[in-house]
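Here are some notes to read alongside the model. They are set out as numbered points, starting with one side chain and moving on to how the helices pack.

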Amino acid sequence: MPLLDLFWTMLIFFLFFIWIWLLISIFADIFRSDDMGGWAKALWVVFVVIVPFLGVLIYLIVRGQSMQQRSIATATKQQQAEQAYIRQTAGAGTGSAADQLAKLAELHDSGALTDAEFESQKAKVLA
């Protein structure tokens with residue numbers, strides 16, 4: 001019997017953990033949603049707090065599809081921002097060899113690079 005008690009205790013713990021995770025996800029979605037006004041958000045929060053199980057189930061049924069779409073849109077925006085940051089941070093490495101050589105030639109012509117610096121940078125680009 002103690003093994004069965006352990007099983008039930010673990011099951012209840014995991015169901016409680018899932019319940020808390022679901023509540024946090026729903027509250028985050030309520031406040032992240034742009035298509036609802038303040039009163040609608042307040043009503044959803046009150047409904048989920050006063051009648052938790054029914055409120056969560058109804059929210060998932062009514063707004064589950066748009067909840068998924070908002071999550072995908074947020075993930076896409078984050079990925080695009082990360083890619084833009086990586087491209088920006090990489091800087092000169094993003095251009096082609098011809099572009100880099102043209103920039104080096106401009107710097108050399110303007111006197112910003114000496115002949116030796118120009119040749120060493122040109123060798124790096126062509127390597």
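1. Does Tyr59 count as buried or exposed? This is a predicted model, and in it Tyr59 has a relative accessibility of 0%. Tyr59 therefore counts as buried, since the cut-off for that class is under 20%.

2. A search of the whole structure gives five aromatic pairs. One of them joins Trp19 and Phe53, with the ring centres 4.6 Å apart and 35° between the planes, a tilted arrangement. Trp19 belongs to helix H1 (residues 2–32) and Phe53 to helix H3 (residues 52–90), so this pair ties together parts that are 34 residues apart in sequence. The two partners fall into opposite classes of accessibility: Trp19 is buried, at 18% relative accessible area, whereas Phe53 is exposed, at 59%.

3. Trp44 and Tyr59 form an aromatic pair too, this one edge-to-face, with 4.9 Å from centre to centre and 90° between the planes. Trp44 sits in helix H2 (residues 38–50) and Tyr59 in helix H3, so the pair ties together parts that are 15 residues apart in sequence. Trp44 is buried, with a relative accessible area of 15%, and Tyr59 is buried as well, at 0%. Together with Phe47, these two residues make up one aromatic cluster.

4. How do H1 and H2 pack? The angle is about 165° and the axes are 10 Å apart. An angle over 145° counts as roughly antiparallel, so H1 and H2 fall in that class. Their crossing is left-handed. On the H1 side the contacts involve Leu23, Phe27, Ile30 and Phe31; on the H2 side they involve Lys41, Trp44, Val45, Val48 and Val49. Trp44 thus appears both in this contact set and in the aromatic cluster of point 3.

5. Gln68 lies in helix H3. Its relative accessibility is 43%, so Gln68 counts as partly exposed. Asp29 is 39 residues away from Gln68 along the chain, and the C-alpha atoms of the two are separated by 9.4 Å.

6. Helix H4 covers residues 97–110. Its 14 residues should span 20 Å at 1.5 Å a residue, and the C-alpha atoms at its ends are 20 Å apart, so expectation and model agree. After H4 comes Gly111, which has a positive phi, near 95°.

7. H4 packs with helix H5 (residues 115–126) at an angle of about 175°, the axes being 10 Å apart. That makes the two helices roughly antiparallel. From H4, the residues in contact are Ala97, Gln100, Leu101, Leu104, Ala105 and His108; from H5, they are Asp115, Phe118, Gln121, Lys122, Val125 and Leu126. An α-helix has 3.6 residues a turn, so residues three or four places apart point the same way.

8. Which residues does Leu104 touch, leaving aside its neighbours within four places in sequence? They are Leu113, Phe118, Gln121, Lys122 and Val125. Leu104 is in H4, and its relative accessibility of 10% means that Leu104 counts as buried. The C-alpha atoms of Leu104 and Gly37 are separated by 55 Å, with their positions 67 residues apart along the chain.

Note on methods:
Residues numbered from 1 in each chain as written. Predicted model: local features only at pLDDT ≥ 70, side-chain atom pairs only at ≥ 80, totals over all residues. Heavy atoms only, no water. Helix = DSSP H or I, 4+ residues; strand = E, 2+ residues; numbered from the N terminus. Expected span 1.5 Å × (residues − 1). Phe/Tyr/Trp six-rings, centres within 6.5 Å; stacked < 30°, edge-to-face > 60°. Buried < 20%, exposed > 50% of the residue type's maximum accessible area, 1.4 Å probe, protein only. Axes fitted to C-alpha atoms, helices over the stretch in contact; angles between N-to-C directions. Parallel < 35°, antiparallel > 145°, perpendicular 65-115°, else oblique. Left-handed = near helix turned anticlockwise from the far one by under 90°. Contact = heavy atoms within 4.5 Å.
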